[in-house]
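Hi everyone, thanks for making time this morning. Let's look at a structure together, and feel free to follow along on your own screen.

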Amino acid sequence: MGVTSPLKGHSNSYSLNKKLFLSFSVYAPYALFALLLIALFRLSFHPFSSSINQSPVSFSREGNVYENPCNYSNGKWVHDRDGPLYNGTTCGTIKEGQNCILHGRPDLGYLYWRWKPRKCRLPRFDPNTFLRLLRNKHIAFVGDSIARNQLESLLCMLATVSKPNLVYTSGADNKFRRWHFDSHKIVVSVYWSPFLVRGVEKSKTGPNHNEVYVDSVDERWGADLVHIDMIVLSIGHWFLHPAVYYESGSVLCCHYCNGLNHSEIGFYGVMRKAIKTALKTIIERKGTNHGDGIDVFLTTFSPSHFEGQWDKFGACPRTKPYRKGEKRVEGMDAEMRAVEVEEMETAKLNAKKFKGRLRLETLDVTKLSLLRPDGHPGPYMYPFPFANGVHDRVQNDCIHWCLPGPIDTWNQIMLQVIRRWNIQSRRGVRLIP
């Protein structure tokens, strides 16, 4: 038997290692180059900063701003053990009819839900951020009682860190009010204007129908535009009432006007005209060289949830949100929303013709609101309605929203849009539609 040299195995191992080293030396630059390409590709689509991932914009290499693909209107309601920022006893600006907790509503499960968008994160409302972004600004809520409902939600959330001081009130039921946040020199106002355009509401001493002038803006808020930096418009439900509509000084048509010799028409077309007039007026008055610009939100239609007669027990009795697939936006709710979305898109195109800073956005809350039949005051629009037992007839509010309640989410979404605008403004870059 031959003797194997102890150096032979070592020689083979050395040879193999040498080959591996030479191979690595040849191919390593290519491997590193490939890894670098992968890293650059990922960074271009997924920015490394967590703060940018949480912000509602992303940036291209050229510095242009792309709107986040997140659609806040699509999502679902999920349980939230944290609950609301405030309650019915800690906020002093809640309209009595929406203070469901103070009025004895026994089920409080409706407070522990949050809206989860399908493809993005909706952060909890941060009152300090809102106050910081709106410092020295005047924000106005203009519209019907739903606009007022949204305003009071915002006041309650801001009041958790800064006290709002009521500095002005006027009109029946305090329909025109103004608050001042001394900490940040912010003014928040509400203007009662259920049609946005000039209107005469029905009364006991006047006609039994509304009179609406679709081509003339309501100057109760229009005259103050020069002092307003951000405006939130919200209308819809008042167009369901009987009305005669005027255009160019003559009767255009009417809605549910029995006994009057006018052409009967549905209300979608006239609501469209009213929104068009309001947005056109805002753009023309604030978008000129002499104007200082304005931010505009149009809140889409907020559905009601009557399941029976408004004055019967159990008109809106549900205590949980609808489940996925259980309810769809359709019929009148869909038509009203479509009018608002379409008119805002038209207004955005019109705004491009002006040099002033004009930022417009639809606050699309129809779907998320439709899925919350449990969020209304119902019989608790009055204090302890069943203290003396359950009565067959009891007035219900299945239109407005409890405070706190689902309507707080509207302001959560609005804050995210304001944050996006602020990022765009600070970067001084062009928005890609």
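**One glutamate and two sheets**

Let me start with a single residue: E247 has a relative accessibility of 26%, so it counts as partly exposed, the class between buried, under 20%, and exposed, over 50%. Please keep in mind that this is a predicted model.

Where does E247 sit? It lies in strand 12, which covers residues 243-247. Now, who does E247 touch? If we leave aside the neighbours within four places in sequence, E247 is in contact with V214, D215, L252 and K273. Take D215 from that list: E247 and D215 are 32 residues apart in sequence, yet their C-alpha atoms are 5.8 Å apart in space. And with K273, the side chain of E247 makes a polar contact of 3.3 Å.

Let's zoom out to the sheet around it. Strand 12 belongs to an open sheet of four strands, in the order 9-10-12-13, and the pairing is mixed. At the edges we find strand 9, residues 197-200, and strand 13, residues 250-255, each pairing on one side only. On average, neighbouring strands here are turned by 25 degrees against each other, ignoring direction. Helix 6, residues 268-286, packs on this sheet and touches strand 9, strand 10, strand 12 and strand 13. The direction of helix 6 makes about 35 degrees with that of strand 10.

A quick reminder for the newer people: strands of a sheet pair through backbone hydrogen bonds, either parallel or antiparallel. In which sense do strand 9 and strand 10 pair? They are antiparallel, over four bridges, with strand 10 covering residues 210-217. If you want to find the pairing on screen, look for V200, which stands opposite E211 in strand 10.

Now for the other sheet. This one is open too, with seven strands in the order 6-7-8-5-11-14-15 and mixed pairing. Its edge strands are strand 6, at 164-170, and strand 15, at 358-363. Neighbouring strands in this sheet are turned by 15 degrees against each other on average, direction ignored. Strand 6 pairs with strand 7, residues 176-181, in the antiparallel sense over six bridges, and S170 stands opposite F176 in strand 7.

Two helices lie across strands of this sheet. Helix 7, residues 331-351, crosses strand 14 and strand 15, at about 170 degrees to strand 15. Helix 9, residues 408-427, lies across strand 5, strand 11, strand 14 and strand 15, running at about 155 degrees to strand 15.

That's my tour, thank you!

Definitions and conventions. Residues are numbered from 1 along each chain as its sequence is written. This is a predicted model: local features need pLDDT of at least 70, side-chain atom pairs count only at pLDDT 80 or more; totals for chains, interfaces and linings use all residues. Side-chain values use heavy atoms; hydrogens and water are left out. Two strands pair if DSSP finds at least two bridges between them. Axes are lines fitted to C-alpha atoms, for helices over the stretch in contact, and angles run from 0 to 180 degrees between N-to-C directions. Contact means heavy atoms within 4.5 Å. Buried means under 20% relative accessible area, exposed over 50%, partly exposed in between (1.4 Å probe, protein chains only). A polar contact is a pair of N or O atoms within 3.5 Å; within protein, one must be able to donate a hydrogen and the other to accept it, and residues adjacent in sequence count only if both atoms are side-chain atoms.
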